[in-house]
Amino acid sequence: MEVIISKDAPSSSTLAAAHIARVIREKPDAVLGLATGSTPLPLYKELIRLHREEGLDFSNVRTFNLDEYLGLAPEHPASYHHFMWENFFSRVNIQATQVHIPSGLISGPEVPAYCSRYEEEIRSAGGIDVQILGIGSDGHIGFNEPGSSLASRTRIKTLTQRTRADNARFFSSENEVPHHVITMGIGTIMDARRVLLLAFGAGKAEAVSGAVEGPVTASNPASILQLHPEAKSFLDEEAASGLKRRDYYRWVFEKKPSWQRDL
Ligand code: GLP
């Protein structure tokens, strides 16, 4: 995994956004895998700026979001539908018909068939070109909590108490955080052609060090990215603070041959 350490979240997000913008300019109908949470907010802000000031065109871009809380209607302020429209989709020229987010209103025995259809939709779009990921403080990606099968596909998951507590800030109280979610699986994420993991702040340092330098293990789901051929992690200084080889990663980035800079 390539590790790119920047001084802060905005500069890290600018690099990640430049990577995504290149993909969209080369393939205007690129398929983006999108994430929610506080981490990708500066990335979405920069993509919006590139759209407004540099003409980055989303009119043919297709998107698939990682996950959604079960039991939340799209208009619920803590739903990931609401998050995505509020923070990104309504601010660029994406077509609503090209946006895919798992429904929070599926219930009971309909869930497995719904999840299979979500996988099928990703496949028929030609697969995900770039998957954006945050990371949970326990190493989860999407909502694949520790212990998730490293080969898992889109399905229902039960959140850990730690994740419910971490995400309680988006709800009026921790009790309101749903227990169940639909999430792309780790196998689904690994099928993406490129993966960009973003992590900022000291609260992510332990999860990041396990993901980047620990063993590949279901106990830290993000560690599977060590087996992905095109995975990059964009970290700020604090999130990188637990990495033993951080000086080497900085050195690699500084010494990158010019022809490799844009890849
Ligand atoms: C949620 C999301 C993840 C996200 C994680 C970290 O659990 N399902 O996709 O990476 O939160 O969130 P934050 O970026 O707010 O720390």
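Helix α1 comprises 18 residues (residues 9-26), which at 1.5 Å a residue should span 26 Å, and its end C-alpha atoms are indeed 26 Å apart, so the two values agree; the expected span is taken as 1.5 Å times one less than the number of residues. Helices (H or I, at least four residues) and strands (E, at least two) are DSSP runs, numbered from the N terminus. The model is a predicted one, in which local features need pLDDT of at least 70 and side-chain atom pairs count only at pLDDT 80 or more, whereas totals for chains, interfaces and linings use all residues. Residues are numbered from 1 along each chain as its sequence is written, and side-chain values use heavy atoms, with hydrogens and water left out.

The buried residues of α1 (buried meaning under 20% relative accessible area, exposed over 50% and partly exposed in between, with a 1.4 Å probe and protein chains only) include Ala 9, Ser 12, Ala 16, His 19, Ile 20, Val 23 and Ile 24. An α-helix has 3.6 residues a turn, so residues three or four places apart point the same way. The buried residues of α1 pack against β1 (2-6), β2 (31-34), α2 (41-54), β6, β9 and β10, where contact means heavy atoms within 4.5 Å.

Of the 6 residues of strand β9 (residues 194-199), 5 are buried, and the strand is therefore largely enclosed by the rest of the structure. Strand β6 (residues 130-133) runs parallel to β9 and is joined to it by 4 bridges, while 5 bridges join β9 to strand β10 (residues 231-236), again in parallel; strands are taken to pair if DSSP finds at least two bridges between them. Within these pairings, Leu 196 of β9 stands opposite Ile 132 and also opposite Lys 232 in β10. Together with helix α7 (residues 205-213), β9 and β10 make a right-handed β-α-β unit, right-handed meaning that, with the strands pointing away from the viewer, the path from the first strand over the helix to the second runs clockwise.

In strand β3 (residues 62-65) lies Thr 63, which is buried, with a relative accessible area of 0%. Leaving aside residues up to four places away in sequence, Thr 63 touches Leu 32, Leu 34, Phe 89, Ile 94, Gln 98, Val 99 and His 100.

Around the ligand are 14 residues, of which Ser 38, Thr 39, Asp 67, Arg 169 and Lys 204 come nearest, a residue being counted as near if one of its heavy atoms lies within 4 Å. An N or O atom in the side chain of Arg 169 is 2.6 Å from an oxygen atom of the ligand, and a backbone N or O atom of Ser 38 lies 2.8 Å from a ligand oxygen atom.

Note on methods: Polar contact = N/O pair within 3.5 Å; in protein donor to acceptor, adjacent residues only side chain to side chain.
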